Amino acid sequence: MKAVIYTAPGEVSTTTAVTPSLGAGDVLIKVLSNTICGTDLRIAKGLKRKGVIAPRILGHEVAGVIEHVGSEVSDYQPGQQVGMCPTYSCGTCRECERGRTHLCSNALVLGHQSDGGLAEYILVPALGVTQGVIVAHSGTHAPEVISLAEPLSCVIHGQSFLSITPGDVVTVIGGGAIGLMHAQVAKLAGASTVILSEPVEFRRTLASEFGADITVNPEVEDLDAIVREHSNGAGSDVVIVCIGVPALVNVAFSIAANRGRVSLFAGFPADEASAIDANLVHYRELSVVGSSNSTVPDYHQAIDLIDSGKIPCHKLITHRFGLDDYALAVDTIPQPHALKVAILPHGE
């Protein structure tokens, strides 16, 4: 089969790989779509190395159809349309025992320690099958839309710390696919006003279809003043940082209301620290949280939201490529006109 394989930092190519062999407890999925995220981009460019064990098939935003099931598998059948939660947890470490399987000390993550979805087929081992990482869906959406259940599950997980309630003012910093999802999920949670800060015009325009009431171009507008204007001077009850720029941490603190909740949702550069104004946290009694990965229940919620049509994820897919065009797809991701880029291993 064809696959996108990481062999060393910055060395990624489409090549031939052996189609996985099916064990008694395994499931073989024909991959119909794998969307590419910022993590994949950093791996492809050699910027992310930690935890990526070469050689490795990349990709973790997977959607497909079950091709074969092992002789001991009873919960799945060939022909089912499915998505995948991308983490296999050990079940026995401290984190797993406390129900935090997404933080498993021995986790095997697709595209990192386990082969991912940028291939014609992906094998889900018995460990993942028994943990329920394969999630069936209605089949009414294109595979590339189902691929977005993975980043959406991370958004759902991230907002579980924020307790967004009716009447809250929520500010999202960053209007890429993740920021747009955050805006919509916040609105569905009952936020009265959702403000989205994003310099790219086409993303600001799209934001109105993803729950944003107000959009701000931070390059020419005063975000703090606009937040104060729409919060009766109080500031934002919730601030979600969706861009990994260290300077934005203090921006988030500065626009937060007293007892505001700030989510540092984005991943930040490992070699670049944020200079934090601790007094903003101290005197405003801010709660600052991080968020990493998601759980199988989060993934189920994401599939349910997509199936319900409450989040127009299809509007986030801006480009589609085949496996042979992976390098072009990676070059497309940073472009302002791109949101989510999908690889379709078997064509459209």
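Two strands count as paired when DSSP finds at least two bridges between them. Keep that in mind for the opening stops, and remember throughout that you are looking at a predicted model.

**Stop 1: strand E3**

Select residues 27-36, which make up strand E3. Is this strand mostly covered or mostly open? Mostly covered: 9 of its 10 residues are buried.

Now bring up the neighbours one by one. Start with strand E5, residues 61-69, which pairs with E3 in the antiparallel sense over 8 bridges. To see one of those pairings, pick Lys30 and look across to Val65, its bridge partner in E5.

Next, add strand E9, residues 121-124. E9 and E3 run antiparallel and are joined by 4 bridges. Click on Val27 here, and you'll find Val124 of E9 standing opposite.

Finally, show strand E18, residues 340-343, another antiparallel partner of E3, this time over 3 bridges. Thr35 is a handy marker, with Ala342 as its bridge partner in E18.

While you have sticks on, keep one general point in view: along a regular strand, side chains alternate between the two faces of the sheet.

**Stop 2: a cis peptide bond**

Jump to Ala54 and Pro55. The peptide bond joining them is cis, with omega at about -10°. Pro55 sits in the loop that runs between helix H1 (38-44) and strand E4 (56-57).

**Stop 3: Pro86**

Stay with prolines and select Pro86, in the loop between strand E6 (81-84) and strand E7 (87-88). Buried or exposed? Pro86 counts as buried because its relative accessibility is 2%, and the cut-off for buried is under 20%.

What does Pro86 touch, leaving aside residues up to four places away in sequence? Light up His60, Leu108, Val109, Leu110 and Glu150. For a sense of distance, draw a line from the C-alpha of Pro86 to that of Ala252: the two are 166 residues apart along the chain and separated by 30 Å.

**Stop 4: helix H5**

Glu150 is your way into helix H5, as one of its buried residues. Select 149-159 to get the whole helix. How many of its residues are buried? The count is 11 of 11, from Ala149 and Glu150 to Gly158 and Gln159. Those buried residues pack against E5, helix H4 (143-147), H6, E14 and H11. E5 is familiar from the opening stop, where it paired with E3.

Now focus on helix H11, residues 296-308. The axes of H5 and H11 come within 8 Å and cross at roughly 115°, so the two helices are roughly perpendicular to each other. The crossing is right-handed. On the H5 side, show Ala149, Glu150, Leu152, Ser153, Ile156 and His157. They meet Asp298, Tyr299, Gln301, Ala302, Ile303, Leu305 and Ile306 of H11. By type, the contact residues split into 8 nonpolar, 3 polar and 2 charged.

Wondering about the spacing of the contact positions? In an α-helix there are 3.6 residues a turn, so residues three or four places apart point the same way.

**Stop 5: the parallel sheet**

Select strands E11 to E16 next. In what order do these 6 strands line up? They form an open sheet, E13-E12-E11-E14-E15-E16, with parallel pairing. At the edges are E13 (214-216) and E16 (287-290), each pairing on one side only. Ignoring direction, neighbouring strands are turned by 15° against each other on average.

Look at E14 (236-241) and E15 (256-264), which pair in the parallel sense over 5 bridges. Val238 is a good residue to click, as its bridge partner in E15 is Arg261.

Then overlay helix H6, residues 177-188. H6 lies across E11 (169-173), E12 (193-197) and E14, and runs at about 175° to E12.

**Stop 6: two positive phi values**

Last, check two residues on your Ramachandran plot. Ser163, in the loop between H5 and E11, has a phi near 50°, positive although the residue is not glycine. Ser163 is exposed, at 52% relative accessible area.

Then go to Glu285, in the loop between helix H10 (278-284) and E16. Phi is near 55° for Glu285, again a positive value in a residue other than glycine. Exposed or partly exposed? Partly exposed, with a relative accessible area of 43%.

Conventions
Residues are numbered from 1 along each chain as its sequence is written. This is a predicted model: local features need pLDDT of at least 70, side-chain atom pairs count only at pLDDT 80 or more; totals for chains, interfaces and linings use all residues. Side-chain values use heavy atoms; hydrogens and water are left out. Axes are lines fitted to C-alpha atoms, for helices over the stretch in contact, and angles run from 0 to 180 degrees between N-to-C directions. Angles under 35 degrees count as roughly parallel, over 145 as roughly antiparallel, 65 to 115 as roughly perpendicular and the rest as oblique. A crossing is left-handed if the near helix is turned anticlockwise from the far one by less than a right angle, and right-handed if clockwise. Contact means heavy atoms within 4.5 Å. Ala, Val, Leu, Ile, Met, Phe, Trp, Tyr, Cys and Pro count as nonpolar, Asp, Glu, Lys and Arg as charged, and the others, Gly among them, as polar. Buried means under 20% relative accessible area, exposed over 50%, partly exposed in between (1.4 Å probe, protein chains only).
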